[in-house]
Amino acid sequence: MTTKQLTIITSHINADFDAIASMLAAQKLYPGSLVVFPGSQEKNLRNFFIDSMVYLFNMANIKDIDFSNVKRLVLVDTRQPNRIGKLSLLLEQQDLDIHIYDHHPSTPNDIKGRIELNRLTGATVTILTEILKKKGIDISPDEATIMCLGIYEDTGSFTFPSTTEDDFKAAAFLLSKGANLNIVSDLISREINSQQVELLNDMIQTAVRYSIHGFEIIVTSVSLDNYLPDFAFLVHKMAKMEPVDAIFAIARMENKIYVVARSRISEVDAGEIIAPLGGGGHTFAAAATVKGMTLTQVEHKLIEILYKKIRSNQLARDLMSSPPISVRSDIFCRDAGDKLTRYNINVLLVTKKPEEPDGREKLAGYISRQVIEKALYHKLDLVQVKEYMTTDLAFVHPGADLTEIQEKIIENKQRLLPVMDNGVITGVITRTDLLNILVKDSKHTPENSPDPLTEPVRARTRNVVKFMKERLSKRLVEILKTLGKIADKKGYRAYVAGGFVRDLFLYRVNEDIDIVIEGDGIAFAKEYASISGARTHSYKKFGTAVIIFPDGFKIDVASARMEYYKFPAALPTVEMSSIKLDLFRRDFTVNTLAIQLSPDRFGILIDFFTAQKDIKEKTIRILHNLSFVEDPTRVFRAIRFEQRFGFSIGKLTSGLIENAVKMDFFKRLSGRRVFSEFRQILEEENPTPAIIRLNDYNLLSVLHLSITLDNDLISLFNSVKKVLSWHDLLFLEESYMKWAIYFLALIRSGDKKMTNEICVHFELAPRYRRLFCVERFEADRCFFWLERNLPVKNSVLYNKLSGFKTELLLYMMAATKKEIVKRSISNYFTRLRYVHTVISGKDLNKMGIEPGPVFSKILQAVLEAKLNGKLKTKIDELAFVRRYV
């Protein structure tokens with residue numbers, strides 16, 4: 001090209017599908033132009049375009065571009081100079097012709113172009129598709145597929161709030177041009193590999209929840225030595241899993257910090273929040289790449305920005321108490337005191353007589369209980385309130401947000417904040433109201449339970465070293481000793497606690513070791529791992545870590561911590577604490593035993609809460625009376641432990657369970673938490689007694705109102721246990737989900753509507769939903785067919801059962817009352833499913849049979865004949881084929 005004739009099309013660094021699609025569309029609007037990536041792009045994009053459709057792009061490497069020859073710069077899906085890499089140097093050229101196509105909101109630092117087409121759509125390629133359509137520019141099926149892919153990704157398959165009518169129209173047009181939705185679906189819903197699964201798990205474990213002005217925000221941070229593609233895709237996955245308003249994920253990869261944001265609501269503007277970090281995006285999705293800052297610095301900066309940028313959706317009109325309780329300024333202090341007592345409040349608004357014809361009382365001030373009590377103490381009963389009221393009073397309008405309310409109450413040191421509308425008092429917001437809003441309901445320790453912070457509890461102790469050596473392997477004892485020594489060197493105290501110690505005294509095998517450290521548990525775990533040749537995973541939010549040995553053996557480590565619940569059924573808030581408080585936070589007394597591991601006190605058993613007595617008496621007891629209020633899922637654990645150990649639930653604990661059911665604390669729980677506990681019950685050796693106990697407490701209704709326990713269901717559960725025992729005695733090297741078979745039995749009487757409601761409530765994964773809502777009904781139809789038509793040929797039985805998972809086969813065996821059905825499924829399960837032909841397509845080819853659909857037909861016929869006992873050897877099979885052909 002001659003000087004100043006080059007047109008370059010580019011987009012933002014870390015280009016997504018919308019950016020790629022938009023560059024392709026722009027290339028069609030600007031014939032002869034070059035597509036240039038400003039930096040690296042996601043791995044899946046790179047592979048897709050290099051391997052499949054690179055021929056569509058007139059691409060050039062940025063290193064090969066002579067910037068002095070560039071006449072025109074076409075920007076798509078961005079207009080921020082810090083997001084186009086080295087191409088931002090072109091902006092210094094005075095005669096550069098800039099054209100911009102973008103769907104992001106405007107910002108002060110935006111690049112200005114001679115031609116700008118900026119509109120708030122779900123995807124930038126939507127805008128460009130409309131232009132191509134108007135100009136009548138032809139689009140091939142491959143091009144339409146790429147452009148459609150951009151729309152689908154940036155709109156979340158048309159589910160994001162940013163999706164517009166124009167996005168649907170553009171996609172429809174591209175579909176008419178031959179866009180391949182199979183390719184779109186494969187790339188949008190791609191599977192994640194094991195490394196990505198591990199990173200996603202770390203993101204979930206390190207997630208910290210913030211409640212900022214009434215919005216639920218998650219901030220998670222992870223660190224990797226190497227760059228891992230698809231970080232944005234993993235954040236999108238996490239956003240689908242977490243029911244919060246927005247997620248901000250930070251990752252250190254190599255020497256860069258990557259920040260990705262996803263928001264569900266316009267009030268939390270991801271693009272505006274990410275912008276100060278040098279990134280960009282729109283309201284619902286944004287990203288940034290940060291250099292020169294540490295992971296911690298970026299996290300602190302992000303949190304600071306969140307508090308500045310997010311405005312409250314809680315307004316004074318929503319938070320105020322109305323009607324306001326007030327007194328006239330001319331009433332006596334004695335009468336004001338009576339009113340404070342009658343309404344059990346601490347502050348009264350004071351009004352004065354109306355001076356205007358409208359008859360409205362005007363705000364004069366306020367008076368507190370303390371002032372009134374002092375006035376009464378000094379015999380000022382009959383003095384008017386106006387003599388001692390506070391007249392310097394701030395107020396807010398009904399539309400004031402939480403920030404303004406907070407500033408007015410705190411800065412003016414007011415106990416009470418009036419809400420005024422055109423001079424009329426419409427309500428009040430008290431200081432207590434504000435505190436409850438900011439921290440929700442604080443946890444209160446019940447009066448009749450010990451407060452471990454203020455009341456010292458003398459622990460029962462005894463030396464159990466000899467007992468440990470008798471019950472534990474030498475390796476395990478040595479590991480525990482080494483843990484204690486390393487903790488001692490760091491100035492910490494180490495304990496083994498919880499279920500491991502409980503099961504030690506119940507003579508049950510349990511190698512799930514929980515170590516509690518009075519100190520920094522994560523630092524301790526890393527120190528131990530470096531010495532022992534193990535590795536660790538840490539979770540800063542909870543101060544916990546997992547030590548993983550080379551042979552796969554794991555030890556859980558936690559900093560001694562105290563949990564408190566901000567409101568009933570909430571997830572716990574965690575604070576550093578001592579071993580005593582760490583044990584007090586646990587669910588039941590039997591789980592509060594600990595053994596010291598420090599060298600000078602190794603093997604000393606600690607029992608603060610009479611756990612040994614309850615183990616001896618075989619009783620499940622909670623530690624305090626609000627235990628089930630704070631965490632209703634403990635009810636399920638109480639029943640599980642009761643049945644597993646052959647214990648009984650204590651009388652007080654049983655009464656508190658009944659109270660929790662009556663008060664319906666379970667409605668606050670997420671379905672996922674309920675399912676997690678219920679699944680553990682179904683995974684017990686024999687879950688039937690626990691199911692009966694759940695029914696005793698009317699807890700099956702927590703699963704679904706239509707689930708009832710009767711003799712038929714109990715009989716079915718017992719049948720499932722027998723079938724599973726039969727299966728396990730086969731010693732087959734295949735895994736199966738034991739809990740799923742019991743769950744299939746539990747919902748057997750339910751129709752599709754009920755089953756779907758249960759799966760949605762429990763937030764079950766798609767594969768489980770398919771198992772229970774689709775495949776289960778297919779199994780039922782097969783089951784009824786077998787009951788009507790058996791006996792049949794082995795080939796017929798094989799074809800009927802070969803598509804079903806192990807769980808469904810075992811479910812059918814348990815559900816049937818006909819012995820012939822049981823034997824037939826057993827025959828398939830133990831023998832027929834392993835039958836296969838010896839010959840293959842190669843043998844058919846050697847026989848002169850032309851390859852084609854006939855191959856599968858012949859091989860199927862051979863298999864059926866073999867299943868029916870007509871063929872045994874390869875010679876038999878070849879002879880059968882000759883006759884068959």
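Are Trp739 and Tyr768 buried or exposed? Hold that thought for a moment, and hello everyone. What we have here is a predicted model, and I would like to walk you through it.

Let's start with the whole chain. There are 885 residues, and 51% of them count as buried. The C-alpha atoms fill a box of roughly 120 × 90 × 65 Å along the principal axes. Along the way the chain makes 37 helices and 28 strands. If you take contacts between residues at least 6 apart in sequence, 66% of them join residues at least 24 apart.

Here is one example from the beginning of the chain. Gln5 sits in the segment before β1, which covers 6-10. Gln5 touches Asn69 and Lys71, leaving aside residues up to four places away in sequence. With Lys71 there are 66 residues of chain in between the two positions as a separation, yet the C-alpha atoms are separated by 5.2 Å. Gln5 has 40% relative accessibility, so this residue counts as partly exposed.

Next, a sheet. Here 6 strands form an open sheet with mixed pairing, and the order is β6-β7-β8-β9-β11-β10. The edges are β6 (208-212) and β10 (280-281); each has a single partner strand, so one side of each is left without a neighbour in the sheet. Further in, β9 (residues 256-263) pairs with β11 (residues 285-290) in the antiparallel sense, over 6 bridges. To find that pairing on your screen, look for Arg262, which stands opposite Ala285 in β11. Packed on the sheet is helix α7 (residues 194-205), touching β7 (215-224) and β8 (246-253). The direction of helix α7 makes about 130° with that of β7.

Now the aromatic rings. The count comes to 26 aromatic pairs. Phe467 and Phe505 make a stacked pair, 5.1 Å centre to centre with 20° between the planes. This pair links distant parts of the chain, 38 residues apart: Phe467 is in helix α16 (residues 465-471) and Phe505 in helix α18 (residues 499-505). Phe467 and Phe505 are both buried.

That brings us back to my opening pair. The ring centres of Trp739 and Tyr768 lie 5.2 Å apart with the planes at 90°, so this pair is edge-to-face. Trp739 belongs to helix α29 (residues 738-746) and Tyr768 to helix α31 (residues 766-789), and the pair links distant parts of the chain, 29 residues apart. And the answer to my question: both Trp739 and Tyr768 are buried. They also have company, as Phe675, Phe678, Trp739, Phe743, Phe762, Tyr768 and Phe772 form one aromatic cluster.

Some rings meet a charge instead. Arg475 lies over the face of Phe549, 5.6 Å from the ring centre. Likewise, Arg833 lies over the face of Phe829, at 4.0 Å from the ring centre.

Last stop, the nonpolar interior. Which residues touch the most other members of the largest nonpolar core? That core has 128 residues, and the ones to remember are Leu480, Leu483, Ile515, Ile555, Phe772, Leu801 and Met812. You have met Phe772 already, as part of the aromatic cluster. Among the residues that Phe772 touches are Trp739, Phe743, Ile747, Cys759 and Leu764, not counting residues up to four places away in sequence. Apart from the largest core lies another, of 40 residues, including Leu56, Ile151, Tyr152 and Val184.

That's my tour. Thanks for listening!

Note on methods:
Residues numbered from 1 in each chain as written. Predicted model: local features only at pLDDT ≥ 70, side-chain atom pairs only at ≥ 80, totals over all residues. Heavy atoms only, no water. Pairing = 2+ DSSP bridges. Helix = DSSP H or I, 4+ residues; strand = E, 2+ residues; numbered from the N terminus. Contact = heavy atoms within 4.5 Å. Axes fitted to C-alpha atoms, helices over the stretch in contact; angles between N-to-C directions. Phe/Tyr/Trp six-rings, centres within 6.5 Å; stacked < 30°, edge-to-face > 60°. Buried < 20%, exposed > 50% of the residue type's maximum accessible area, 1.4 Å probe, protein only. Lys NZ or Arg CZ within 6 Å of the ring centre and 35° of its normal. Core = buried A, V, L, I, M, F, W, Y, C linked by side-chain atoms within 4.5 Å.
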